Amino acid sequence: MRFVRRALRRALVRAGYRVARIPPQEMVPPGALAAQGIEATGSHFPVLAAAVARTAGQGPVLELGMGDYSTPMLHLLCHDRLLVSADNSARWVARYEAFRSPRHELHVVEDWDRFALLEARHWAVAFVDCSPVVRRVELVERLQGHARFIVVHDTETEPDQVAATVYAFEGAFARFRFRTDYRVFKPFTTILSDESPFELTAAEAVE
């Protein structure tokens with residue numbers, strides 16, 4: 001093999017190509033990822049994808065609040081299962097009209113209180129990232145008992161974060177048997193369940 005590499009290198013040099021050795025890529029420690037920066041609206045992306053992957057074949061997926069990160073990703077990952085996406089903005093739903101199919105339902109929700117489909121099924125994963133943001137707590141409470149994993153975006157709970165008081169997440173989250181916080185990127189994402197814990201890998205668990 002070494003002889004072949006040398007012969008190939010000589011042939012390339014004769015042909016006028018410059019041959020250089022590429023140094024091995026240095027692995028970035030997980031703790032440095034947050035410092036590298038990621039757009040805030042996509043900070044939930046890794047853990048939401050993991051939740052869907054870990055529940056493959058276990059039921060439908062619900063998306064409350066559509067977006068340029070979650071909706072296309074879920075559409076791809078849920079190609080073989082039902083995905084229900086809902087948003088209170090007709091503009092956002094229209095943005096992904098091309099995704100509509102028997103396996104991907106799209107719903108415009110004028111009033112979250114009347115979105116009965118939320119309790120109509122048992123969801124493998126329910127993603128809560130809707131507007132108005134103050135309604136997220138109520139939707140999380142309604143989903144309890146109707147989903148294996150509830151993935152909630154924007155769950156900053158530090159004392160100086162407005163979300164801790166405005167969203168009142170902590171009171172709702174305390175009612176669940178299992179809670180996992182994904183803190184690699186801000187804003188944080190929380191995974192709730194009464195059925196099974198969502199265990200993070202060593203890289204995912206960086207705080």
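# Notebook: burial, cores and charged pairs

**Entry 1, Leu-200.** I began with Leu-200, which counts as partly exposed because its relative accessibility is 22%, whereas a residue would have to fall under 20% to be called buried. The model I am reading is a predicted one, and I keep that in mind for every value noted below. Leu-200 sits in the segment after β7, the strand that spans 189-193. I then looked for a partner across space and found Tyr-182, which is 18 residues away from Leu-200 in sequence and 8.0 Å away when I go from C-alpha to C-alpha.

**Entry 2, the chain as a whole.** Before going on to single residues, I looked up the totals. The chain has nine helices and seven strands, and of its 207 residues 41% are buried. Among contacts with a separation of 6 or more, 59% are between residues 24 or more positions apart. For the surface, I noted an exposed area of about 11600 Å², of which carbon and sulfur atoms supply 56%.

**Entry 3, Thr-155.** Is Thr-155 buried or exposed? I found that Thr-155 is buried, with a relative accessible area of 0%, although it belongs to a loop, the one running between β5 (147-153) and α8 (163-166). Leaving aside residues up to four places away in sequence, I listed what Thr-155 touches: Phe-169, Phe-173, Phe-188, Thr-189 and Thr-190. With Thr-190 there is also a polar contact between the two side chains, at 2.7 Å.

**Entry 4, the largest nonpolar core.** Which residues of the largest nonpolar core touch the most other members? The core holds 25 residues, and the ones I was looking for are Leu-62, Leu-64, Leu-143 and Ile-150. Two or more residues are given to this core by each of β1 (61-64), β2 (83-87), β4 (123-128), α7, β5 and α9 (169-173). The largest share comes from α7, which gives four residues. Apart from this core I noted another one, made up of 20 residues that include Ala-49, Ala-51, Val-125 and Phe-127.

I followed Leu-143 further, again setting aside residues up to four places away in sequence, and found that it touches Leu-62, Leu-64, Leu-118, Trp-123, Ala-126, Val-128 and Ile-150.

**Entry 5, helix α7.** Why can I call α7 largely enclosed by the rest of the structure? The reason is that six of its eight residues are buried. I wrote down the buried ones as Arg-136, Val-137, Leu-139, Val-140, Arg-142 and Leu-143, so that list holds two arginines alongside the valines and leucines. These buried residues of α7 pack against β1, α6, β4, β5, α9 and β7. After the helix comes Gly-145, and I noted that its phi is positive, near 90°.

**Entry 6, strands β4 and β5.** I then turned to β5, six of whose seven residues are buried, and it is therefore largely enclosed by the rest of the structure, too. Strand β5 pairs with β4 in the parallel sense, over five bridges. To place the two strands against each other, I looked for a facing pair and found Trp-123 opposite Ala-147 of β5.

**Entry 7, salt bridges.** How many salt bridges does a search of the whole structure find? The search finds 12, and I looked into several of them.

I took the pair of Arg-142 and Glu-119 first, whose side chains meet at 2.7 Å from N to O. Because Arg-142 lies in helix α7 (residues 136-143) and Glu-119 in helix α6 (residues 117-120), this pair ties together parts that are 23 residues apart in sequence. Arg-142 is buried at a relative accessible area of 19%, which I read against the cut-off of under 20%, while Glu-119 is partly exposed at 30%.

In a second pair, Arg-100 and Glu-97 join their side chains in a salt bridge at 2.6 Å, N to O. Here both partners are partly exposed, with relative accessible areas of 41% for Arg-100 and 38% for Glu-97.

My last look was at Asp-181 and Arg-183, which form a salt bridge whose closest N and O atoms are 3.9 Å apart. This pair belongs to a network in which salt bridges with shared partners join Glu-170, Arg-179, Asp-181 and Arg-183.

Conventions. Residues numbered from 1 in each chain as written. Predicted model: local features only at pLDDT ≥ 70, side-chain atom pairs only at ≥ 80, totals over all residues. Heavy atoms only, no water. Buried < 20%, exposed > 50% of the residue type's maximum accessible area, 1.4 Å probe, protein only. Contact = heavy atoms within 4.5 Å. Areas by Shrake-Rupley, 256 points an atom, 1.4 Å probe, with all protein chains shown as cover. Salt bridge = Lys/Arg side-chain N within 4 Å of Asp/Glu carboxyl O. Polar contact = N/O pair within 3.5 Å; in protein donor to acceptor, adjacent residues only side chain to side chain. Core = buried A, V, L, I, M, F, W, Y, C linked by side-chain atoms within 4.5 Å. Pairing = 2+ DSSP bridges.
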